[in-house]
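Colleague: I'm new to reading folds, and I'd love a close look at one part of this protein, the open sheet. Could you walk me through that sheet and then show me what else is worth looking at?

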Amino acid sequence: MERIEAFLDWGGTKKDIVCLVVSAAALIISIFDLIPLPFDAAYVAIVLCGIPIILEAVVGLVTAFDIKADVLVSLALIASMITGEIFAAGEVAFIMQLGALLEDLTVARARSGIERLVKLTPRTARVLTAEGERVVPAEEVREGDVLRVLPGETIPVDGVITSGSTSVDQSVMTGESLPVDKAAGDEVSSGTVNRFGSFDMRATRVGEDSSIQRMVRLVQSADAGKAKIVGLADRWATWIVVIALSAAAITWLVTGEVIRAVTILVVFCPCALVLATPTAIMAAIGNATKHGFLVREGDALERLAGVKFFAFDKTGTLTTGKLHIAAVEPLADLSADELLGLAAGAEKLSEHPLARAVVAGWREKTGSAAAEPEEFSMLPGKGVSARVNGRSVLAGNTALLSEHGIDASRAAAAAEKHVSAGCTAVYIAVDGSLAGLIALSDTMRPEAAEIVSALREGGAEPVLLTGDNERAALAIASAAGITDYRAACLPEDKLRFIDEAEAAGSSVCMTGDGINDAPALKRATVGIAMGGVGSDIAVDAADIALVGDELRELPHLQRLSKRMMLTIKCNLTFSMALNFVSIILAMAAVIDPVVGALIHNSGSVIVILNSALLLRYAPKLRLDA
């Protein structure tokens with residue numbers, strides 16, 4: 001339920017701060033009688049801070065019989081005013097609104113990347129008809145229509161290629177780090193990008209059934225299943241109200257002194273209880289910010305403390321997302337350097353990620369640019385053909401070699417070895433015969449294994465969820481020390497893992513960077529996006545963004561969340577103990593409402609100071625060594 005300030009057009013953090021500043025000044029004037037006024041200055045705090053609390057309590061009771069902490073606060077305010085304890089009423093109202101402001105500052109509005117995701121949906125399609133090619137809105141494409149997709153265009157609907165070959169960037173759907181070669185008979189998905197060749201396709205799933213539209217619906221629906229943490233003060237509010245009213249009523253009946261009953265209501269106001277959680281969260285968020293985390297959801301750290309699984313995407317998360325040369329395997333008379341030099345020259349004019357990695361590898365090794373090809377031809381979905389230093393060079397896959405009558409079987413064993421390790425093989429032929437191959441792999445973050453180990457020591461089991469093939473997934477999982485992994489994951493598969501884990505009573509923290517991770521980031525108990533290399537949509541879907549992509553800080557965040565929850569429990573225990581002691585003193589007439597307000601508000605100060613210790617919390621981790 002929205003706070004009543006919005007109803008009164010008092011919404012907004014800036015206005016809340018102004019009201020609190022004015023109320024604080026009024027309370028100082030009231031207690032020290034600094035300015036002669038025809039009324040008690042504490043009334044200002046009651047009007048600015050107290051009336052919204054009372055109205056919110058009334059609306060909650062009337063519309064939904066919703067008993068929260070503000071019900072008891074309202075009773076204490078009204079009782080204090082009836083008995084003439086104006087300063088006590090103003091002080092209680094001020095402290096409660098301060099707690100509400102702190103809570104508002106820690107609980108960010110849920111943000112969604114749905115708008116950006118919708119923008120990825122293709123607007124138009126090229127439909128082939130008897131009259132020729134016709135550009136139509138994508139939503140008008142019907143199942144069975146034949147479409148043409150040019151290089152650089154986004155595929156408008158799901159379908160099957162009927163003619164042509166190309167490489168398709170499927171990172172939107174699968175998160176794969178490399179474009180996938182496609183030819184006649186292969187399926188393609190809407191929202192993915194045709195990188196190089198032109199092809200014709202037959203539409204199989206259109207409109208709301210297309211892959212990109214299913215992705216939009218996944219992101220829209222994922223948040224609905226995420227449980228929101230209810231404030232402990234509100235969760236216990238019914239019992240607090242019952243105990244306070246019972247104690248006040250009994251004291252009034254036994255002693256006949258209404259002032260004692262009012263004092264009980266004042267000291268039982270859950271000010272420290274309300275401050276216990278938001279102050280700890282704010283301090284923990286401050287600590288997290290210093291370590292490169294942008295906490296977008298206020299209760300994300302509460303949820304993180306209880307997660308049992310840390311699920312990771314591969315590309316851009318456990319790996320850097322940058323390809324490098326893992327091995328150069330000459331299979332002819334050429335040396336490794338000669339083979340790499342010819343390959344780099346042949347690939348120099350290509351925009352394919354594999355080609356760029358080969359060229360960059362040559363530059364890093366020699367410090368010089370690759371040779372300029374005398375001839376160059378791009379063969380979409382297969383590779384390149386070029387003439388370098390007077391020699392004919394082919395660089396690509398086995399289909400390219402077969403097309404030129406070159407037997408690649410001699411490279412099968414070497415290729416299998418590298419592919420099993422998660423690499424991609426680029427075959428090189430020189431002057432019409434097989435010359436060797438170059439193995440390319442994504443770069444594993446050097447600290448990945450230590451991060452996995454530290455998270456496991458912190459009480460959570462790491463899991464790898466990747467769109468890459470089984471062998472690549474196994475290679476990365478083994479290198480990182482992860483025993484549980486899922487390969488060839490689509491967005492639906494990642495959601496299924498999260499749902500199954502939570503159905504079994506285990507919460508999940510999802511860490512990823514791509515658009516395809518957005519539904520899982522939204523659905524998981526906690527979503528952490530790699531903010532540096534990650535997509536805007538992934539960041540918008542997540543609860544926490546790792547701004548500098550320093551994954552090594554993740555164990556710190558895990559420990560911080562657990563320490564924060566310990567601090568909250570200590571704050572709650574202290575505040576409840578203080579309240580019960582104060583009740584006994586109030587029943588014995590040892591304290592009056594003003595002293596009672598000061599005692600229980602001093603408890604609020606202690607809670608704030610205890611929470612502030614989280615700002616300097618720094619667990620000792622092996623990654624820090």
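Modeller: Here is a walk through the sheet, followed by a few other places to look. This is a predicted model, so local features need pLDDT of at least 70 and side-chain atom pairs count only at pLDDT 80 or more, while totals for chains, interfaces and linings use all residues. Residues are numbered from 1 along each chain as its sequence is written, and side-chain values use heavy atoms, with hydrogens and water left out.

Let's start with the sheet itself. Seven strands make up this open sheet, in the order E10-E22-E21-E20-E11-E18-E19, and the pairing is mixed. Strands (E, at least two residues) and helices (H or I, at least four) are DSSP runs, numbered from the N terminus. Two strands count as paired if DSSP finds at least two bridges between them. Which strands stand at the edges? They are E10 (293–295) and E19 (484–486); each has a single partner strand, so one side of each is left without a neighbour in the sheet. On average, neighbouring strands here are turned by 20° against each other, direction ignored. Axes are lines fitted to C-alpha atoms, for helices over the stretch in contact, and angles run from 0 to 180 degrees between N-to-C directions.

Now zoom in on one edge. Strand E18 (residues 461–465) and E19 run parallel and are joined by three bridges. Look for leucine 464, whose bridge partner in E19 is tyrosine 485. Two helices pack on the sheet around here. Helix H19 (residues 448–457) touches strand E11 (309–312) and E18, and its direction makes about 135° with that of E18. Helix H20 (residues 470–480) touches E18 and E19, making about 155° with the direction of E19. Touching, or contact, means heavy atoms within 4.5 Å.

There's other strand pairing to find too. Strand E5 (residues 166–169) pairs with strand E6 (residues 180–182) in the antiparallel sense over three bridges, and serine 167 stands opposite aspartate 181 in E6. E5 also pairs with strand E8 (residues 193–194), again in the antiparallel sense, over two bridges. There, aspartate 169 stands opposite valine 193 in E8.

Next, histidine 418, which you'll find in helix H18 (residues 412–420). Buried or exposed? Histidine 418 is buried, because its relative accessible area is 10%; buried means under 20%, exposed over 50%, and partly exposed in between (1.4 Å probe, protein chains only). Its side chain makes a polar contact with that of glutamate 329 at 3.0 Å. A polar contact is a pair of N or O atoms within 3.5 Å; within protein, one must be able to donate a hydrogen and the other to accept it, and residues adjacent in sequence count only if both atoms are side-chain atoms. Not counting residues up to four places away in sequence, histidine 418 touches Ala327, Glu329, Cys423, Leu437 and Ala439.

Helix H11 (residues 258–267) is mostly covered, with eight of its ten residues buried. Among them are Arg260, Thr263 and Val267.

Finally, the cysteines. A search of the whole structure finds zero disulfides, a disulfide being a pair of cysteine sulfur atoms within 2.5 Å. Take cysteine 49: its sulfur is 6.4 Å from the closest cysteine sulfur, in cysteine 19, so that is too far for a bond. Cysteine 49 is also buried, with a relative accessible area of 1%, and cysteine 509 counts as buried at 0%.
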